[in-house]
Amino acid sequence: MIWKDKYNIGVPEIDAQHKELFARVGSFLNTLRSDKAWEEKVNKVNETVAFMKDYVIIHFRDEEDYQEQVGYPERDRHKKLHDGMVAYVAEVSEQYEKYGFQEIHMQQFAGKLVTWLVNHVVAEDQKIADYARSKEGRS
Amino acid sequence: MNKDLLTPFANATCETLKLLLDVDARTGASEADGGSEDKSRINVAIGITGDVSGEALYRFPVDTTLEIVKTMSGMEFTEIDEFVTSALGEIANIISGNALTDLSGRNITCDILPPKILDCGELSSEAENTYICSAKIDSSIGEVDVILRVKTD
């Protein structure tokens with residue numbers, strides 16, 4: 001996945017976490033989409049899924065703390081988006097384990113994850129940045 | 001009234017393509033062909049419930065679809081697979097969610113159902129008493145059809 005400057009929201013800690021997420025998801029994609037047999041890549045895929053489950057929770061919490069700090073008025077709606085993604089990751093993870101780590105589950109998961117992540121960073125998170133900038137301008 | 005419902009979906013399609021992919025996109029002068037099957041397109045249907053009941057159908061050409069996932073992931077894709085259809089379903093989900101936000105500003109409250117990917121050329125079954133309107137979105141990566149089917153009874 002390619003990081004673009006327009007994804008920055010201007011909060012160094014959050015931007016660093018977003019870049020880390022992009023790098024991790026990019027690495028996940030490289031493994032998942034490689035020509036290797038599924039048996040050869042399943043362990044690395046599983047490691048990434050385990051990492052993602054924990055990391056998104058940490059990142060979402062930090063981002064929500066920042067929204068609280070700047071008094072972002074849409075923070076409840078934004079939290080629902082985060083909660084929806086956390087629930088989706090947990091559900092996919094459960095199904096993936098239940099049905100014996102099948103590749104199709106991860107391909108579907110990855111397609112949605114990439115789209116969700118790009119949209120969330122470029123559309124939803126930018127609204128926080130816009131609000132913070134407008135607040136700075138007023139003060 | 002029903003025709004007015006199409007505008008938020010067409011606008012949301014343009015804005016989402018611009019934002020996610022950095023491409024030019026605008027609503028074209030002609031309408032999409034709302035009924036014909038076209039095997040070179042991937043159809044994504046999103047059910048709509050609430051004040052308006054029906055379905056939004058998005059038809060993406062295969063080449064456009066592959067370009068979309070390439071742009072977002074930074075990887076080459078040569079065929080439609082589970083990854084690609086899942087990504088496309090999420091795009092349709094995002095577009096429809098944005099359209100509904102627009103409609104809520106006009107006091108029209110709706111919800112959407114999870115996306116359904118229809119096979120190449122397949123169209124969802126057409127119910128009676130349905131008003132159909134459509135738009136063709138011209139973008140630098142191809143044309144996307146947006147078809148809105150609204151129950152009238």
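**Exercise 1. Decide whether Arg77(A) is buried or exposed, or falls between the two, and describe its surroundings.**

Arg77(A) has a relative accessibility of 32% and therefore counts as partly exposed, where buried means under 20% relative accessible area, exposed over 50%, and partly exposed in between (1.4 Å probe, protein chains only). This is a predicted model, in which local features need pLDDT of at least 70 and side-chain atom pairs count only at pLDDT 80 or more, while totals for chains, interfaces and linings use all residues. Residues are numbered from 1 along each chain as its sequence is written, chains are lettered from A and ligands numbered from 1 in the order in which they are written, and side-chain values use heavy atoms, with hydrogens and water left out.

The next step is to find a partner: Arg77(A) forms a salt bridge with Glu74(A), the closest N and O atoms being 2.9 Å apart, a salt bridge being a side-chain nitrogen of Lys or Arg within 4 Å of a carboxyl oxygen of Asp or Glu. Glu74(A), at 35% relative accessibility, also counts as partly exposed.

Lastly, Lys127(A) is in contact with Arg77(A) and with Tyr72(A), if its neighbours within four places in sequence are left aside; contact means heavy atoms within 4.5 Å. Lys127(A) and Tyr72(A) are 55 residues apart in sequence, but their C-alpha atoms are 9.2 Å apart in space.

**Exercise 2. Compare the expected span of helix H3 (residues 75-98) of chain A with the distance between its end C-alpha atoms.**

Helices (H or I, at least four residues) and strands (E, at least two) are DSSP runs, numbered from the N terminus, and the expected span of a helix is 1.5 Å times one less than its number of residues. For the 24 residues of helix H3 of chain A this gives 34 Å, and the end C-alpha atoms are 34 Å apart, which agrees. Among the buried residues of H3(A) are His78(A), Met85(A) and Tyr96(A). Just after H3(A), Gly100(A) takes a positive phi of about 75°.

**Exercise 3. Describe the salt bridge of Arg41(B) and Asp145(B), and say which parts of chain B the pair ties together.**

The side chains of Arg41(B) and Asp145(B) meet at 3.5 Å, N to O. Arg41(B) lies in strand E2 (residues 41-50) and Asp145(B) in strand E7 (residues 142-151), so the pair ties together parts of chain B that are 104 residues apart in sequence. Both Arg41(B) and Asp145(B) are buried, and they are linked with Arg59(B), Lys136(B) and Glu143(B) in a network of salt bridges.

**Exercise 4. Work out how many residues of chain A are in contact with chain B, and which elements of chain A take part.**

In the first step, 20 residues of chain A are found in contact with 17 residues of chain B. The area buried between the two chains is about 1,700 Å², of which carbon and sulfur atoms give 62%; buried area is the accessible area (1.4 Å probe) that two parts lose on being put together, summed over both. Arg33(A), Thr115(A) and Asn119(A) supply 31% of the area that chain A buries against chain B, more than any other three residues.

In the second step, four salt bridges are found across the interface of chain A and chain B. The elements that give two or more residues to the side of chain A that touches chain B are helix H1 (12-32) and helix H4 (103-138) of chain A, and the largest share, 13 residues, comes from H4(A).
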